[in-house]
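Ready to poke around a new structure? Work through these exercises one at a time, and try each before you read its solution.

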Amino acid sequence: MEETRQAEGAQWHGAQMDFSKSMSYGDYLGLDRILSAQHPLSPDHNEMLFIVQHQTSELWIKLMLHELQAVRRQLREGDLPPAFKMLARVARIMDQLVHAWDVLATMTPPEYSAIRPYLGASSGFQSFQYRELEFILGNKNANLLAVHQVSPAHHAALERELHAPSIYDEAIRLLARAGLPVSEERLAADPAQPTVHDDSVMAAWLEVYRDPGHHWALYELAEKLVDLETAFRFWRFRHVSTVERIIGFKTGTGGTAGVSYLRKMLDVVLFPELFALRTQL
């Protein structure tokens, strides 16, 4: 009877059971490395939540960077349909990250206070991937490179991204290649500077929006960018709301002003003309 059960188990619905000579699910995903990367420093039960929350967020950011780097290439080449798919995917990833804050929000102030002394000066402000994400979206700030000097490789990657055109820079160049009235000054702007409102870009996008049938691809690109920034705003707002819920207005572990600093970030506009033109339509 036991032998019969074992034989049935070995043929469980046709599933392969022996992976001694072939790649398994865990092998493909590197699960041994991923699942052994959580090392709580406190004796508190809730620290595992804090670690997993931030590690999974970094994995999602890695995917967003992968997509946005490809978007930039597609815009440069004028191949828009694949870029639309990738931009939509990034917006949905940000939606996923918004809901991830719901899980962290189950941590109460006393529970966070129990693990905070073990965090030292570590802070999400030091995330090199998040910094790269902001840079590729056009929110450039050379002063923020200093926090990444501890890692020459990360610092060098961020330095390159600082001086590379953002995806919005490439979208504006696409407007100009389509014959729309973008000024030479805007096209020659230093990519290491943050995006600022430009009247000629505003005029170009207005032309697109006033005749979408004639400029359908650019019109769709604009709306995909608006979707992306809207999702990013929700993500940032959910972040600041969760932090305020857990620590109030305490100083952040990395030395920032905490909630006050995060609230200032809510005012950053990535694609200014695309939102400003709504008033004029």
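**Pockets, a helix and some rings**

**Exercise 1.** Find the volume of the second largest pocket and the residues closest to its centre.

*Solution.* Start with the size: the second largest pocket comes to about 210 Å³. A pocket here is an open set of points on a 1 Å grid over the protein atoms alone, where a 1.4 Å probe fits, with protein on both sides within 12 Å along at least five of seven lines; lining residues have an atom within 4 Å of a point. Next, the lining: it has 15 residues, and Asp169, Arg186, Ala189, Asp190 and Pro194 are the closest to the centre. Last, the classes: 5 are nonpolar, 4 polar and 6 charged.

Before going on, a word on the model: it is predicted, so local features need pLDDT of at least 70 and side-chain atom pairs pLDDT 80 or more, while totals for chains, interfaces and linings use all residues. Numbering runs from 1 along each chain as its sequence is written, and side-chain values use heavy atoms, with hydrogens and water left out.

**Exercise 2.** Now take the largest pocket and work out which element gives the most to its lining.

*Solution.* The largest pocket has a volume of about 1,300 Å³. Of its 44 lining residues, His54, Ser123, Gly124, Phe125 and His239 sit closest to the centre. Elements giving two or more residues are α4 (47–77), α5 (80–104), α7 (128–136), α12 (216–247) and α13 (259–265). The winner is α4, with 9 residues.

**Exercise 3.** Compare the reach of helix α11 with its expected span, then say what its buried residues pack against.

*Solution.* Helix α11 covers residues 199–210, 12 in number. From first C-alpha to last it reaches 16 Å, close to the 16 Å expected at 1.5 Å a residue. Its buried residues (under 20% relative accessible area, 1.4 Å probe, protein chains only) include Trp205 and Tyr209. The buried residues of α11 pack against α9, α10, α12 and α14 (272–276).

**Exercise 4.** Describe how Trp216 and Tyr219 pair up.

*Solution.* The whole structure holds 7 aromatic pairs (ring centres within 6.5 Å; planes under 30 degrees apart are stacked, over 60 edge-to-face, the rest tilted). Trp216 and Tyr219 make a tilted one, 5.2 Å centre to centre with 50° between the planes. These two are 3 residues apart in helix α12, so about one helical turn separates them.

**Exercise 5.** Which residues form one aromatic cluster with Trp235?

*Solution.* Tyr130 and Phe232 join Trp235 in one cluster. Both Phe232 and Trp235 are buried.

Notes: Points joined across faces, edges and corners; volume = space filled by probe spheres on them. Helix = DSSP H or I, 4+ residues; strand = E, 2+ residues; numbered from the N terminus. Nonpolar A, V, L, I, M, F, W, Y, C, P; charged D, E, K, R; others polar. Expected span 1.5 Å × (residues − 1). Buried < 20%, exposed > 50% of the residue type's maximum accessible area, 1.4 Å probe, protein only. Contact = heavy atoms within 4.5 Å. Phe/Tyr/Trp six-rings, centres within 6.5 Å; stacked < 30°, edge-to-face > 60°.
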